[in-house]
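Here's a quick tour for anyone meeting this protein for the first time. Have a look at the structure, then read on.

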Amino acid sequence: MPEKAPRPREAIVHADGLCRCPWAGADPLYVAYHDEEWGVPEWNDRQLFEKLILDGFQAGLSWITILRKREAFRAAFDGFEPAKIARYSEKKLAKLMADPGIVRNRAKIKAAPALARIYLDLQAKRGFARHVWSFVDGRPLVAPRKSLADIPAQTPQSEALSKDLRQRGGNFVGPTIVYAFMQAVGMVNDHLGACHRHSACVALGKKAPW
């Protein structure tokens with residue numbers, strides 16, 4: 001049996017002539033996510049909250065698995081309304097465990113109400129988005145990478161944010177999960193330097209609301 005070709009580590013030119021990070025592959029859903037969402041600085045409190053919960057569900061799985069279930073998650077979790085999630089009863093948690101459209105992991109499901117309470121507490125103070133972004137001084141960190149091998153699994157910033165969330169009672173917010181969250185919401189621009197989205201996200205990062 002022939003050996004499998006190694007997965008590409010550097011940016012790839014697609015059929016449309018655009019150079020992209022190799023993890024996007026050829027799946028249209030994943031390519032669209034890469035081009036339209038990943039790495040785009042997200043300043044909206046609620047959108048950040050949703051992404052943090054979904055990244056917790058990703059633990060041990062691939063992001064494309066969560067992406068394919070995202071609409072089902074939104075329906076199951078009441079549109080990721082923090083005030084509603086914070087009040088989830090055991091009956092609601094049991095209903096979520098019976099929902100085939102989402103990842104049915106009880107520990108991950110139970111982590112959502114705790115994160116919702118953290119969100120509401122921070123929102124009442126300085127704001128959830130402002131608090132999260134303070135760990136990168138309110139601006140995206142930019143370090144052009146040539147290869148996926150240059151991208152770390154976690155950083156001092158993700159370790160600090162992870163520690164903060166865990167001290168507040170959060171679960172499934174380890175430094176690796178938090179770094180994936182930071183990449184996705186543009187707190188760090190980890191599009192490879194040759195990727196067509198790198199410079200676009202740099203420009204978007206200059207439009208911080210604070």
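The protein is built from 10 helices and 4 strands. Keep in mind as you go that this is a predicted model. Starting at the N terminus, the elements come in the order β-β-α-α-α-α-α-α-α-β-α-α-β-α.

**Overall build**

Let's begin with the whole chain. Its C-alpha trace spans about 50 × 45 × 25 Å along the principal axes. A compact globule of 210 residues would have a radius of gyration near 17 Å, and the protein's 18 Å agrees with that. Of the 210 residues, 47% are buried. The surface that the protein exposes comes to about 10,500 Å², with carbon and sulfur atoms supplying 54% of it.

How do the contacts spread along the sequence? Take those between residues at least 6 apart: 67% of them join residues at least 24 apart.

**The nonpolar core**

In soluble globular proteins, nonpolar side chains tend to be buried together. Here, the largest nonpolar core has 54 residues. Which of them touch the most other members? That would be Phe49, Phe73, Phe77, Ile85, Phe181 and Met187. Plenty of elements chip in with two or more residues: α1, α2 (45-58), α3, α5 (90-97), α6 (106-123), α7 (128-133), α8 (156-167) and α9 (175-184). The largest share, 7 residues, comes from α6.

Met187 is a nice one to click on. Leaving out residues up to four places away in sequence, Met187 touches Val132, Trp133, Val136, Arg139, Pro140, Leu141, Leu161, Phe181 and Met182. One of these partners, Phe181, is also on the list of core residues that touch the most other members.

**Two buried residues in helices**

Next up is Arg70, which sits in helix α3 (residues 63-76). Is Arg70 buried or exposed? With a relative accessible area of 13%, Arg70 is buried, because the cut-off for that is under 20%. Beyond residues up to four places away in sequence, Arg70 touches Tyr33, Glu37, Glu50 and Leu54.

Pro82 belongs to helix α4 (residues 82-85). Pro82 is buried too, at a relative accessible area of 1%. Its contacts, again without residues up to four places away in sequence, are Arg46, Phe49, Ala116, Tyr119 and Leu120. Now find Pro8: from Pro82 it is 74 residues away in sequence and 39 Å away in space, going from C-alpha to C-alpha.

**One side of helix α10**

Helix α10 covers residues 196-204, and its buried residues are Arg197, His198 and Cys201. Why do they lie on the same side of α10? They cover an arc of only 110° around the axis, so they end up on one side together. As a rule, an α-helix has 3.6 residues a turn, so residues three or four places apart point the same way. And what do the buried residues of α10 pack against? Their partners are α1 (28-36), β3 (141-142) and β4 (188-189).

**Cysteines without a bridge**

A disulfide is a covalent bond between the sulfur atoms of two cysteines. This structure holds 0 of them. Why is there no such bond at Cys195? The closest cysteine sulfur, in Cys21, is 3.8 Å from that of Cys195, which is too far because a disulfide needs the pair within 2.5 Å. For Cys201, the closest cysteine sulfur is in Cys195, 7.9 Å off and likewise too far for a bond. As for accessibility, Cys195 counts as buried at 3%, and Cys201 is buried with a relative accessible area of 3%.

**Two unusual backbone angles**

Most residues other than glycine have a negative phi. Asp78, although not a glycine, has a positive phi of about 50°. Asp137 also has a positive value, near 55°. The table puts these residues side by side.

| Residue | Phi | Location | Relative accessibility |
|---|---|---|---|
| Asp78 | about 50° | loop between α3 and α4 | 30%, partly exposed |
| Asp137 | near 55° | loop between α7 and β3 | 71%, exposed |

Key
Residues numbered from 1 in each chain as written. Predicted model: local features only at pLDDT ≥ 70, side-chain atom pairs only at ≥ 80, totals over all residues. Heavy atoms only, no water. Buried < 20%, exposed > 50% of the residue type's maximum accessible area, 1.4 Å probe, protein only. Arc of directions from axis to C-beta. Contact = heavy atoms within 4.5 Å. Core = buried A, V, L, I, M, F, W, Y, C linked by side-chain atoms within 4.5 Å. Rg over C-alpha atoms; globule rule 2.2 N^0.38 Å. Areas by Shrake-Rupley, 256 points an atom, 1.4 Å probe, with all protein chains shown as cover.
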